[in-house]
Structure formats: C-alpha cells, structure tokens
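Hello,

Here is the structure for you to look at. Please open it beside this email and follow along.

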Amino acid sequence: MANRRESLGDILVSAPFWVSLLLGAGTYGVVSFGLPLLGSGTLIADSIQAGAYTLGCLATLPFLVLSLLSLLFRLRCRRLAGGIISLDSLRDLSWKSFEFLVGEVYRRHGYRVDVSLGTGPDGGVDLVVRKEGETILVQCKHWKSRSVGVSVIREMFGLLTARKASRAAIVTSGTFTQEATRFAVGKPVDLIDGASLVRLIQATRADSTTTAPVNPPSSLGTVAEPICPKCGSPMVTRTARRGPNLGSKFLGCSAFPKCRHTEKVLKLETVS
C-alpha cells in the first residue's frame, strides 16, 4: 500500500480555521517585530527594518488564505453530511466527497481527522483518526456495485500490525462479502457498510438537535456478523457450555435449533 505524505497546506486546510489564524499571527509578529531587532547600520538591515511591516503582511497572507479554505472545507463537509438521506444519495457522491464525508462522521464523534486533500485515489490509508490515545487507520471504498472482499481486509490488518495502530476501519458505500466479515471477527478491524454509514450520519444529525451531551463511542464501526451459508440467517457469537471445547467461542446460526450450522471464531493473527 502507498503511504500518504500530507503537505503543510493539506494539514492546515483539514485543521480548524483558527489554527491557520494563530500561525499567521505568530508569523506576522516574528517578521514585523523580530526582524528589526537583528540590528541596523547596514544597507540590507536598514531596508529590512523599513519594510518589516510590509513583509509581515505578505508572510501572513498565505495563512489567511489557508484559514479561509479551511472554513470552506468544513462547510462543504457539513453540507455533504446534511445531504445524505438514503443509500442512493450516499452512492451518488464522488469518491473524494465520500472520503470527506467519512472524515466528517468521525469528526462529529470526537475524533481528530488527518485527511489528504490530493486529487488522486489512494489504495492505502485514506484517513488517520485519533482520540484519547487511540489511532485508527481508515480506508474508504466507494464501490457502488461491488462488495469489499477479504483481500482488502487482510491487507488493512497487515498495515495495522505494521504501523502498530489501535484499530483499522474499512468504510464502504456498498457491502462486504461473507468471507470478509468472517475474517474480521475477533480482530481490531471495523467494517462499516453503506447502510451502517447512513445510520451513523442520521444519528449525528439527531444528536445535533438535542442539548444533552453526546458521548461518542470509542470506535464507530462494529464487525458485522457473518451470514449462515446454509439458511441465510445471521451468525452470532456463542460460548460452548459443554464438551471438549467448554468455554471457547464459536459462531452459531441465529435460527437454532432449526439450523445447527456452526463455525470456528478466527483467532487474532500476526501478518508480516
């Protein structure tokens, strides 16, 4: 997977607008009041002193522009979230707008979001979100007609292990294959499909209309339980109460006793 290297502009645009304002104010102070303290007596030093105010204004201008772009970026993300009322409206987004939307959902749940503002798609980590010492690597898959397979989950789990992050999350506008959901069981990997993402957006929209404080979850996603290959019912995690596997976890069909299909729970494994 390719790793993203954010430019300073990307970081500041995705950060709150006041960050750029503070940096601009600091730059203005250093240039306008710091440079004249370097001394005088030479032609160059005297010229710098005479133009310190102008130089300070010019040095601050880029930060003012970045602050405006940051404000416009946040407004765009909020409009994106406000426009999602169904799965169809989610799938109508461009791939980049989908990525911005996912970042906004995490941001509304109290996470700090690092997002690349580049124009090209990336097959690796699209977002890095952090909160209270937890770091989650997020990959966005804006696939309208194809389910995310197990190879994507394996790859992200390997990247999670290599970077020693807390969790990984794969967010898609579509669905996940049964093999993918089975692989994620018991691992620090969140799978968020399109329907779940729409519900998360609607939940944050409902929270914004209340005055009660909202305690965001430690992780947005939960691994969907696999579907029983025999009857199509959801598989649920159970604990063996008898026999040689007493106390061990397994997946059993929720239609039991009509369907007695069971599967082993995959243990956490290290991917090199």
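**Rings and charges**

The charged end of lysine 187 sits over the ring of phenylalanine 157, with 5.8 Å between that end and the ring centre. Keep in mind that this is a predicted model.

How many aromatic pairs does a search of the whole structure find? The search gives 2. One of them joins tyrosine 106 and tyrosine 111. Their ring centres are 5.4 Å apart and their planes stand at 80 degrees, so the pair is edge-to-face. The cut-off for that label is over 60 degrees. Both tyrosine 106 and tyrosine 111 are buried.

Phenylalanine 157 and phenylalanine 183 also form an aromatic pair. Here the distance is 6.1 Å centre to centre, and the angle between the planes is 80 degrees. This pair is edge-to-face too. Phenylalanine 157 belongs to helix α7, residues 150–163. Phenylalanine 183 belongs to helix α8, residues 178–184. The two are 26 residues apart, and the pair links distant parts of the chain. Are these residues buried or exposed? Phenylalanine 157 is buried, and phenylalanine 183 is buried as well.

Tyrosine 111 has a charge over its ring as well: the charged end of lysine 131 lies 4.4 Å from the ring centre.

**The chain as a whole**

Now step back. The chain has 9 helices and 8 strands. It holds 272 residues, and 41% of them are buried. Take the contacts with a separation of 6 or more: 58% of these come from residues 24 or more positions apart. The chain exposes about 15,000 Å². Carbon and sulfur atoms supply 59% of that area.

**Helix α4 and the nonpolar patch**

Find helix α4, residues 52–82. Alanine 52 is in this helix. Its relative accessibility is 3%, so alanine 52 counts as buried. The limit for buried is under 20%. Which residue lies 4.7 Å from alanine 52, C-alpha to C-alpha? It is serine 32, 20 residues away in sequence.

Next, look at the surface. A nonpolar patch there covers about 1,100 Å². Its members include Phe17, Trp18, Leu61, Val65 and Leu75. Helices α2 (17–34) and α4 each supply at least two residues of the patch. Which helix gives the most? That is α4, with 8 residues. Leu68 is another member of the patch, and leucine 68 is placed in helix α4.

**Two positive phi values**

Some background for this part. Most residues other than glycine have a negative phi. Two residues to look up here are glutamate 132 and lysine 164, since each has a positive phi without being glycine.

Glutamate 132 has a phi near 50 degrees. Where is glutamate 132? Look in the loop between β2 (127–131) and β3 (134–141). Its relative accessibility is 78%, so glutamate 132 counts as exposed.

Lysine 164 has a phi near 55 degrees. Its place is the loop between α7 and β4 (167–172). With a relative accessible area of 76%, lysine 164 is exposed. The limit for exposed is over 50%.

Best wishes

How values were computed. Residues numbered from 1 in each chain as written. Predicted model: local features only at pLDDT ≥ 70, side-chain atom pairs only at ≥ 80, totals over all residues. Heavy atoms only, no water. Phe/Tyr/Trp six-rings, centres within 6.5 Å; stacked < 30°, edge-to-face > 60°. Buried < 20%, exposed > 50% of the residue type's maximum accessible area, 1.4 Å probe, protein only. Helix = DSSP H or I, 4+ residues; strand = E, 2+ residues; numbered from the N terminus. Lys NZ or Arg CZ within 6 Å of the ring centre and 35° of its normal. Contact = heavy atoms within 4.5 Å. Areas by Shrake-Rupley, 256 points an atom, 1.4 Å probe, with all protein chains shown as cover. Patch = residues over 30% accessible without salt bridge, like charges linked within 9 Å, V, L, I, M, F, W, Y side chains within 5 Å. Salt bridge = Lys/Arg side-chain N within 4 Å of Asp/Glu carboxyl O.
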